[in-house]
Amino acid sequence: MKTVFSAMRPTGRLHLGHLVGALENWVALQKDYHCIFGIVDWHALMGEYEDSSQISENIIEMAIDWVACGIDPEKSILFVQSQVPEHLELAMILSCLTPLGWLERNPTYKEQLREITTRDLQTYAFLGYPVLQAADILLYKATAVPIGEDQLPHLELTREIARRFNHLYKKELFPDCKALLTKTPRLLGIDNRKMSKSYQNAINLSDPEATVRKKTTSMITDPKRIKLADPGHPEICNVYSYYQVFAKQRQQEVYEWCTGAQKGCTDCKKILSEHLLAFLNPIREKREELGRHKNRIREILDDGAKKAQAIARETMRQVREVVFK
Ligand code: SF4
């Protein structure tokens, strides 16, 4: 079986965007790949070093979300990055051979420095985060990484670092790593901006029923539809795009009641909230059950760290052999 590596930063509660953008795909990949899923807390620390108090709680909550959504610890390795220090050792070696220009040209780095104004990201670690990311992937000799198109430049950097390593040390130690491009619907937040914890516009997997209803009610709709008699334009309405993801069977019906001005936006959103709850309730119930057994979650992560470390140690033995021969 080929190895797939993917990871998330434990920076807050997971939301619907994470579920349809990544987790559902991860669950499906478990059938055909040996999957290694990392909770990358050092990456979280790069952005949250001024107040790191939430990271350890976020790690547990993230593991709960993963398992509740169908990531199976019997099939896949779930682990916390900082429990496998080999990530840092490989990152150190890779940082020695990564030209500074590759990091300074990274489009995400520049974009985040521009966009994130509430935190000071002008740090040595943040510039070098693609090197740690490369180490995360290469440590397990993953040959596939499930990503969206926007993350392609990152993966390309990992591949370039791997090629440079193999070339310098004259050994094909790291395999070429391909993108498993995932076509996932892009869900906007309830205010029509990108769904994000920092915008407080996300519907979280852990939100209670009443919160899901409240958030759905406050979703922005077609701004030109003011009265019930105004025909709407579902193609520009975020509520309709949620129907396209979570209640496909009703798309046509919604299109007709909207364009034909047969139903108002309030009713349309109420019906959507029922579909969202039908989707979210089983996940939330599973979350609550897992939340009552946090020791079991810690055991899963400890066990995952042991399995991940066994692979990581072997890779580092091979790396040391060629670097310090
Ligand atoms: S009826 Fe539904 S789809 Fe149409 S504008 Fe209102 S909320 Fe959007």
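The exercises below concern a predicted model and go from its domains to its ligand shell and then to two single residues.

**Exercise 1. Domains**

Find the residue ranges of domain 1 and domain 2, and state how many residues each gives to the contact.

Solution. Start with the domain assignment of the chain: domain 1 is made of 3–187 + 294–323, and domain 2 covers 207–288. Next take the centres over C-alpha atoms; those of domain 1 and domain 2 are 34 Å apart. The contact then draws twelve residues from domain 1 and nine residues from domain 2.

**Exercise 2. The ligand shell**

List the residues around the ligand, sort them into nonpolar, polar and charged, and name the helices that each supply at least two of them.

Solution. First, locate the ligand: the space it takes is the largest cavity. Second, collect the surrounding residues, which are T221, D222, R225, C237, V239, Y240, C258, C265 and C268. Third, sort this shell: six residues are nonpolar, one is polar and two are charged. With Cys and Tyr counted as nonpolar, the cysteines and Y240 of the shell go into the nonpolar group. Asp and Arg count as charged, which places D222 and R225 in the charged group. Fourth, turn to the helices: α11 (238–246) and α13 (265–291) each contribute at least two shell residues.

**Exercise 3. Packing of α11**

Determine which residues of α11 are buried and which elements they pack against.

Solution. Begin with the buried residues of α11, namely N238, V239, Y240, Y242, Y243 and F246. Among them, V239 and Y240 also appear in the list of residues around the ligand. Then follow the contacts outward: the buried residues of α11 pack against α1 (16–29), α12 (251–259) and α13.

**Exercise 4. L181 and T11**

For L181 and T11, give the location, the burial class and the contacts outside four places in sequence.

Solution for L181. This residue belongs to strand β5, residues 178–181. Its relative accessible area is 46%, so L181 is classed as partly exposed, the class between 20% and 50%. Beyond four places in sequence, L181 touches I147, G148, E149 and L152. Q200 lies 19 residues from L181 along the chain, and their C-alpha atoms are 28 Å apart.

Solution for T11. The loop between β1 (3–8) and α1 holds T11. T11 has a relative accessibility of 17% and therefore counts as buried, the limit being under 20%. With neighbours within four places set aside, the contacts of T11 are A44, E48, N58 and K197.

Terms used. Residues are numbered from 1 along each chain as its sequence is written. This is a predicted model: local features need pLDDT of at least 70, side-chain atom pairs count only at pLDDT 80 or more; totals for chains, interfaces and linings use all residues. Side-chain values use heavy atoms; hydrogens and water are left out. A residue is near a molecule or strand if one of its heavy atoms lies within 4 Å of it. On a 1 Å grid over the protein atoms alone, a cavity is a set of points where a 1.4 Å probe fits but cannot get out, and a pocket is an open set with protein on both sides within 12 Å along at least five of seven lines; lining residues have an atom within 4 Å of a point. A molecule sits in a cavity or pocket if more than half of its atoms lie within 2 Å of its grid points. Buried means under 20% relative accessible area, exposed over 50%, partly exposed in between (1.4 Å probe, protein chains only). Contact means heavy atoms within 4.5 Å. Domain bounds come from an automatic or database domain assignment.
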